[in-house]
Each structure stands twice: as C-alpha cells, then as structure tokens.
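Biologist: I would like to learn how to read a few features of a protein model. Could we begin with contacts between charged side chains?

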Amino acid sequence: MSQAIRRLDIEDLVRSDKEAMLCMANLNWNRESLPDETTINQMHFNKPQLRSAMVGANEEYAVWGRGTGKSEGLISVKSKRNVEVMPRAHGCFVGATYLQLLERTLPPVVKGWEAMGWKKDRDFWIRQRPPKNLNIPEPIVGPLTPEHCIYFRNGAVASLVSQDRPGSANGKTVHWIVGDEAKFLDKKALDNELLMTNRGDERFFGGIPEFHSLLFATDMPTWKEAMWILDKEKDMDPQRVQLLMAIQVEIFKLWQLYLVHQGRAKTAVFNKIQSYQKQYDQIRRNTVLFSEASTWENVEGFGKRNIMKMKRNLPSFIYRTAILNMRPFLTQEAFYPELSSSRHTYDSYNYGHIDRGEFGKPTADDSRKDSDVDPELPLHGALDYGAHINTLALGQYCPGGFNVVKGLDVTHPRRLKDLAKAFLQYYQHHKAKLLYFYYDHTALTNNAVSDLSYADEWIALIKAGGWSVRSVYVGHTPGAAIRYEMWGKLLRGEHPMLRSVQFNRNNCYYILESMRHAKIKKGTGRDEFKKNKDDERNIEIDQRGTTHYSDAVDTLLYGVTERKPVVMSAGAVLTS
C-alpha cells in the first residue's frame, strides 16, 4: 500500500467530503508513505457523533444527555465544516444569553476546533478582526463591528447572537445557524427573529448542503415550553437517514479499495466515489436529522464510574432526564404546577460590566454582573437549614412584583458561617447593605455546634459583615395546603399583594430545579396533602435538587406576602 499513495492521492482525499476523511483517519496509514507536510489527527468520536457525521443533514436536532460531547464532537465539527465549505459566509451561534455563549458554549467548541487542527489567532479570531497584513477577504455579508463575532482565515465570520440582548439578530443575513442549550431558547423569538435571517445569497452558495443549515443541541428538556425540539422528530424521514448512512458505508468501502488499486482501476474507483458523493450531497441537502442519545453512549469518554456516581448522587428525575435522556412524564402531582419557564423566568446580565472581560477568563462571580438587582435597595432573604445542606433564597421588589434574584447554598462539611461568607462576598458591591430576613419556627432550633439558634447565628454573621438586618418572624411553618394555594395565586398573577413573581433563570437554577421536581403526597390527619420530601433523607443524592431550596423560597414569599414590607427607597422602608 505504501507504493500506491502519492501526493496527488492525498490532494484528491482533501478535496473529497469531510465524513470520508473521518473514516480514513481510522485506517492503518504507513507514515513513511505520506508527504512530509501531511498531518493526520486521530480523534475519538462516540456513536451519536459518528451518526451525525455520517448523515450530514442540513437540519439537525440533537437531544443528548449530559457528557455526550455535544459541543466538542458535534457543534465544533458541524460549524468547522460550515466555515470550510462556505468561505466568506456569515453564520451565527445562538444562545439564550450572551454569557452562556462566552462561558459555556464557546470554550468546548474552541477546544474541538483545536483538536481538529485549527489554532486560535491563526485560523480564527474571537471578538477581534484578523491582522490586516494577512489580507484575509471580507465576509460577503457581515457585522460592522467585531465585538460579538468570530472571524476565520478564509473570510467567513460567525456572529454571537443571544436572546437576552434585544435586537442582536436584527438586520442580519446569515448562511447557517448553530444553537446550543436549545431547551433554554425562546421558540417564538427564534422563529420570528433569527430564523427569518437565514435567507438569501443563493448565487454564492446554492447547492452546498451546508447552506442555510440548522443545528440545535440540548439535553432533555423538562419544561413544557421547551418540548418543541422533541416535536422535530416528526419532520425526519427515517428511510432517508438510513439511505445516507448506507451511502457513506459504501463510500468508506470504496476508499479502502482505492488505497490498494493502481492505474485505471484506481481512477474507476475514484470516479465511483465521486458519483456516490454527488448522490449523497443531493439527498442530505433536504434532510432533517433528529437524534436522542443517553450519556451511556459516550461511556468510553465520560467513564462508567462517573455515570454510576451520578446515578447515586442525582435525584432520580434528574438522572433519568439529564443522563439517561428519558423523556419526562410531567406529572399532575407537582407542588408548583403553574410554574412556567416562559412566564416566570428571565435572564438579566449587566453586559456593560461583562463586555470588559477577556474571552476565556470567567467574569467575576458577584452581583456586578446582574442587572436585575437595584444596588440602592435592600435585599430580602430566607433560609432552609439542615445537617447536609443550607440554602438561601434572595429576592428584591420590582415594579408591580417581586424577583427571586439568587440562590446560594453550602453542603456538608461547610456550615452556616460559610453560607454567610458566600452571601457577603457575592454582594460586596451592593450599596444598600440592608437584608430583610424572614424565618419560621424551624430557625429557632439551636445549632448543633452553637448555643445560638439558626436565626440568631445568621443575623450575627450578616451584621458582622457590615450589613444591617431586619428580622421578620413569620410564625410556625405554614401548612402545605396554604403554601400550595399561595403559589397558585402568585404564579397565576392573582395574588392581592404581588402582581407577579419571577426568577432569574441563571442565578436561581437550583431553586427552579427544586420547585419543578417537588411533588405532593397524601398527608395524615388534618393535612390533606404535603410536600414529598423523601429525597431529603437520601444523603447520597445531590441535595441541591431536592426540596430544600423550595422550602427556602416558600418562606421568603410567605414572609413577603404576609408581612408586606414596602420598600420605597434605600432610606424609606415601611412594614405593615
């Protein structure tokens, strides 16, 4: 075989399709037979990633469990392909928030690009234009400023579009779209804004299967509003997908023959490959691929031990959906049935602060990055206490309602003093250092390591940090039925004291997880039902996903609505 491979053969391979090259990388090359300048990168791809590469669909919707390599082995491969086959094209990466794109999506995608041979500041430039001396061509259509873009060596560009920055998609014409963490995207805004920009320029790229392509990836959605991506399965033609995979298998077999043939036979094999490739491209140009994969399909990369650890540590609902990728059964036994992602969550970042940061370096995790908190107004908070976890829910009044702005927690062996330290550090730049602290009878129990009650210890710790505390005792923990009815009114917008309650989606991640997974169960005696707290007794489970956080936010909103503190300004606080 070493005598059969010449420089021309390598050039032919490079000109052929990317998927064939992925297959070729697994053949046993004789290194001495290749030209000196030839570089071969061997990479591991799991089954879902290989299926995606073999099909090469124009539209792809991937619902894969955590740790399956959505960013490195799917998004990076597809986006690199888009850039390579469409020089000077304009694509975009879309996310629910700009911070998500910078801190969660791009780093692993960049890692994937680099694993495939690209190098930052040589082949692509993030949030800056390439050096002028490289004479890189301008994109056919593109942004006027580089702050929210990635530029590529062949003149292509990718905009970073986020739904929390209004108008970031307006006026654009794009040639491909990639969306990560699709379950957090607002589908209505996606349809009415960004997807409308994926149009035009047929004269430049018409006929290329990647032209106007879509890729949306996510782990299993658990909100009703995010179920749209599961509906995309109806748009897929399974026979079409199977045909594409069969063609790729034949192309792979032909490449193996190509390596051992000579002369006219070799040319005949190559012509047959080109014929198959043409058919393949024509079919995939109008193909939709929907795929589901559990974390077990990446067991070689993620590790069996890690998966089993997650099985032990995660609440069963989260393990089934996030790891096993099982579709959720949205039970009618939810304790907070009206809780909705679209109506009750929001994203709010201070991008004036964030944009000053450098890519690859995380933004300082403190309240300066939050634009939903007025630093001139006090905060309101409530705790849930326990031997294994202490949780804090924080909120602030807003016009017409109340925002739950942050959840903080510490787990064993860290204690209440560590939670106070986390609060003081996060809000060190908050100007109105006044905390309304709501607590019920459970906070009057003495701490196991102190003569002080939980409430007294917390107040002392916060005051020692330079804050003032106004404690509000709400009495005995209200019964489950009272809290259930209270939340029903709050979430429906029918409560007489608050027109609305909303949650900062990023800062309240575990509060929302706790509320979404909270269930009711049959009670005893006068209590017709109560909140199911069985998972709190399983200390092997990650307690952040159990009902601890939901109890903290219960106390917070019960205190806010029953005691009715009205905050007019930092210097004028009224309570009834």
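Modeller: A salt bridge is a side-chain nitrogen of Lys or Arg within 4 Å of a carboxyl oxygen of Asp or Glu. Keep in mind that this model is predicted.

Biologist: How many salt bridges does a search of the whole structure find?

Modeller: The search finds 35 salt bridges. One of them joins Arg66 and Asp219, whose closest N and O atoms are 3.4 Å apart. Arg66 sits in the loop between β1 and α4, and Asp219 in the loop between β7 and α8, so the pair ties together parts that are 153 residues apart in sequence.

Biologist: Are Arg66 and Asp219 buried or exposed?

Modeller: Buried means under 20% relative accessible area, and exposed means over 50%. Arg66 is partly exposed at 28%, whereas Asp219 counts as buried at 11%. In the salt bridge of Lys369 with Asp365, the closest N and O atoms are 4.0 Å apart. Here Lys369 is buried, with a relative accessible area of 5%, and Asp365 is exposed at 54%.

Biologist: Which residues are joined into one network by salt bridges that share partners?

Modeller: Start with the salt bridge between the side chains of Arg483 and Asp551, at 3.8 Å from N to O. Arg483 belongs to helix α18 and Asp551 to helix α20, so this pair links distant parts of the chain, 68 residues apart. Both residues, Arg483 and Asp551, are buried. Shared partners join Arg483, Lys531, Lys533, Asp551 and Asp554 into one network of salt bridges.

Biologist: How many disulfides are there?

Modeller: A disulfide is a covalent bond between the sulfur atoms of two cysteines. The count here is 0 disulfides. As for the cysteines themselves, Cys92 is buried, with a relative accessible area of 0%, and Cys149 is buried at 2%.

Biologist: And empty space inside the protein: how many cavities of 30 Å³ or more are counted?

Modeller: Rolling a probe the size of a water molecule over the atoms shows where empty space is left. The count comes to 3 cavities of 30 Å³ or more. The second largest cavity holds about 40 Å³ of space.

Biologist: Which residues line the second largest cavity?

Modeller: Its lining consists of Ala57, Asn58, Lys78, Asn82, Ser213, Leu214 and Leu215. Both α4 (70–85) and β7 (213–218) supply at least two residues of this lining. Strand β7 gives the most, with 3 residues. By class, the lining has 3 nonpolar, 3 polar and 1 charged residues.

Definitions and conventions:
Residues numbered from 1 in each chain as written. Predicted model: local features only at pLDDT ≥ 70, side-chain atom pairs only at ≥ 80, totals over all residues. Heavy atoms only, no water. 1 Å grid on protein atoms, 1.4 Å probe; cavity = no way out; pocket = protein on both sides within 12 Å on 5 of 7 lines; lining within 4 Å. Points joined across faces, edges and corners; volume = space filled by probe spheres on them. Helix = DSSP H or I, 4+ residues; strand = E, 2+ residues; numbered from the N terminus. Nonpolar A, V, L, I, M, F, W, Y, C, P; charged D, E, K, R; others polar. Disulfide = S-S within 2.5 Å. Buried < 20%, exposed > 50% of the residue type's maximum accessible area, 1.4 Å probe, protein only.
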